[in-house]
Amino acid sequence: MSMTTPPGWYPDPAVPAVERWWDGTAWTGHTRPAGGAGPAAVVVPPGRFGGRGTRIAVAALVVAAVVAAAVLLRPGGDRAPDAQGPPASAAPSAPAPAPPAPRTPPAGPSPAPSEDGSVLADQLNGIALPLPKGWEKAELGIDQAPTMVTTGDHQCPGSTRLCRPGRVLSRTLASTAPTHREMAEQDVAEAAEQLYGEDVLGNKPYGGVTAHRVVAARQAVVAGRTGYLVRWRVTTGKGPGGYVQSLVFPSPGGVGQPVAVRFAFDAGPDGPPLSVMDEITRGIRPLDGSTGGGVGSSIAPGG
């Protein structure tokens with residue numbers, strides 16, 4: 001038996017005005033305004049991870065955490081966040097919430113998907129993506145989304161920075177389009193701009209997207225749900241261009257907004273084979289026990 005707090009939205013210990021997603025073992029990069037609004041992504045420039053922009057963002061988060069800790073630990077103040085889970089209520093007049101009920105860890109010798117080095121786990125959307133040979137998890141994902149990248153990098157054709165020839169990220173899709181096909185058709189254009197266009201700092205590591213053509217558009221069954229994928233061959237201002245795919249499908253938990261998995265494979269000898277896109281698509285599975293808790297659901301501690 002172990003005392004753990006289940007995954008869910010809880011008040012951010014560093015920024016009380018927002019809620020942060022707790023994945024059952026640690027805080028994630030997913031946040032949203034307090035009160036139950038949709039998640040608000042923190043934008044991190046795409047490209048090579050661990051650069052100057054990333055260090056600045058991480059430093060800012062560390063400073064915010066230190067300030068919040070000082071406030072929470074002052075005499076007479078609220079208690080600090082519990083090491084086993086999210087913090088208690090910030091209202092001093094409200095009674096402290098009851099601790100989560102003990103939960104029995106899942107049976108079986110295999111590790112949970114979030115701990116499995118062979119998959120990329122998206123706790124927020126309840127899916128696990130297979131990690132192909134020659135790929136690795138990105139410590140800081142693109143736009144704070146769970147991201148996998150090829151292990152090697154090369155100089156971007158339009159700048160002196162380094163780029164990863166293969167990138168795949170999983171995100172929640174906010175779309176008013178009536179069908180998954182229309183959602184994917186809209187999302188692939190955004191994905192092309194995000195992954196081959198201008199980044200948040202105004203740089204164009206590939207010289208921007210100058211043209212595209214559709215090379216695939218079809219239904220796809222993903223994690224037991226029928227969705228739709230659209231694949232583009234993009235032409236860029238610099239270099240050989242690449243392939244961008246948007247794969248949209250319902251949440252495996254059956255609740256909340258759909259999931260969009262975005263792919264970007266550089267063309268030319270440095271890019272991974274397109275067959276890996278299909279390999280990843282076929283291998284997407286629901287996380288163990290992901291029958292709820294998707295985006296849009298409400299989970300209370302111990303519930």
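**Notebook: salt bridges first, then the rest**

I started with charged pairs, and the count comes to 11 salt bridges. A reminder to myself: this is a predicted model.

**Entry 1: R171 and D187**

I looked up R171 and found a salt bridge with D187, where the closest N and O atoms are 3.5 Å apart. R171 sits in strand β10 and D187 in helix α2, so I noted a pair that links distant parts of the chain, 16 residues apart. Is D187 buried or exposed? D187 is buried, at 1% relative accessibility. That follows because buried means under 20% relative accessible area. R171 is partly exposed, with a relative accessible area of 25%.

**Entry 2: E190 and R262**

Next I checked E190, which forms a salt bridge with R262; their closest N and O atoms are 3.2 Å apart. This pair also links distant parts of the chain, with E190 in helix α2, R262 in strand β14, and their positions 72 residues apart. I read 48% relative accessible area for E190, which makes E190 partly exposed. R262 counts as buried, at 3% relative accessibility.

**Entry 3: D278 and R218**

Then I went to D278, which has a salt bridge with R218, the closest N and O atoms being 3.3 Å apart. D278 lies in helix α3 and R218 in strand β11, so the pair ties together parts 60 residues apart in sequence. For exposure I wrote down 22% relative accessible area for D278, which is partly exposed. R218 is partly exposed too, at 37% relative accessibility.

Which residues are joined into one network by salt bridges that share partners? I found R171, D187, E190 and R262 in that network.

**Entry 4: helix α2**

Two residues of that network, D187 and E190, had sent me to helix α2, so I looked at the whole helix. Helix α2 covers residues 180-196, which is 17 residues. From its first C-alpha to its last it reaches 23 Å, close to the 24 Å expected at 1.5 Å a residue. I listed its buried residues as M183, A184, D187, V188, A191, A192, Q194, L195 and Y196. What do these buried residues pack against? They pack against five strands that I can name: β10 (166-172), β11 (209-222), β12 (225-236), β13 (242-249) and β14 (259-266).

**Entry 5: the nonpolar cores**

I moved on to the nonpolar residues. The largest nonpolar core has 24 residues, and L129, V168, L247, V261 and I284 have the most contacts inside it. The elements giving two or more residues to this core are β5, β11, β13, β14 and α3. Which element gives the most? Strand β14 does, with 4 residues.

I picked I284 for a closer look. Leaving out residues up to four places away in sequence, I284 touches I127, A128, L129, P130, V222, A223, L247, F249 and V261. Apart from this core lies another one, of 23 residues, and I noted C156, Y196, Y228 and V248 among them. Y196 was already on my list of buried residues of α2.

**Entry 6: an open sheet and helix α3**

I284 touches I127, A128, L129 and P130, so I followed those residues to strand β5, which is residues 127-130. Three strands form an open sheet here, in the order β4-β5-β15, with antiparallel pairing. The edge strands are β4 (119-122) and β15 (285-286), each pairing on one side only. I counted 2 bridges joining β5 to β15. In β15, P286 is the bridge partner of I127. Helix α3 (residues 275-283) packs on the sheet, touching β5 and β15, and its direction makes about 145 degrees with that of β5.

**Entry 7: the β2-β3 hairpin**

I turned to strand β2 (residues 18-22), which is joined to β3 by 4 bridges, with the two running antiparallel. E19 stands opposite R32 in β3. The hairpin has 4 residues between the strands, and G24 takes a positive phi near 100 degrees there. Why is β3 described as largely enclosed by the rest of the structure? Because 5 of the 7 residues of β3 (residues 27-33) are buried.

**Entry 8: whole chain**

Last, I stepped back. The protein chain has 3 helices and 15 strands. I also noted that 43% of its 303 residues count as buried. Among contacts between residues at least 6 apart in sequence, 56% join residues at least 24 apart.

Notes: Residues numbered from 1 in each chain as written. Predicted model: local features only at pLDDT ≥ 70, side-chain atom pairs only at ≥ 80, totals over all residues. Heavy atoms only, no water. Pairing = 2+ DSSP bridges. Contact = heavy atoms within 4.5 Å. Axes fitted to C-alpha atoms, helices over the stretch in contact; angles between N-to-C directions. Buried < 20%, exposed > 50% of the residue type's maximum accessible area, 1.4 Å probe, protein only. Expected span 1.5 Å × (residues − 1). Salt bridge = Lys/Arg side-chain N within 4 Å of Asp/Glu carboxyl O. Core = buried A, V, L, I, M, F, W, Y, C linked by side-chain atoms within 4.5 Å.
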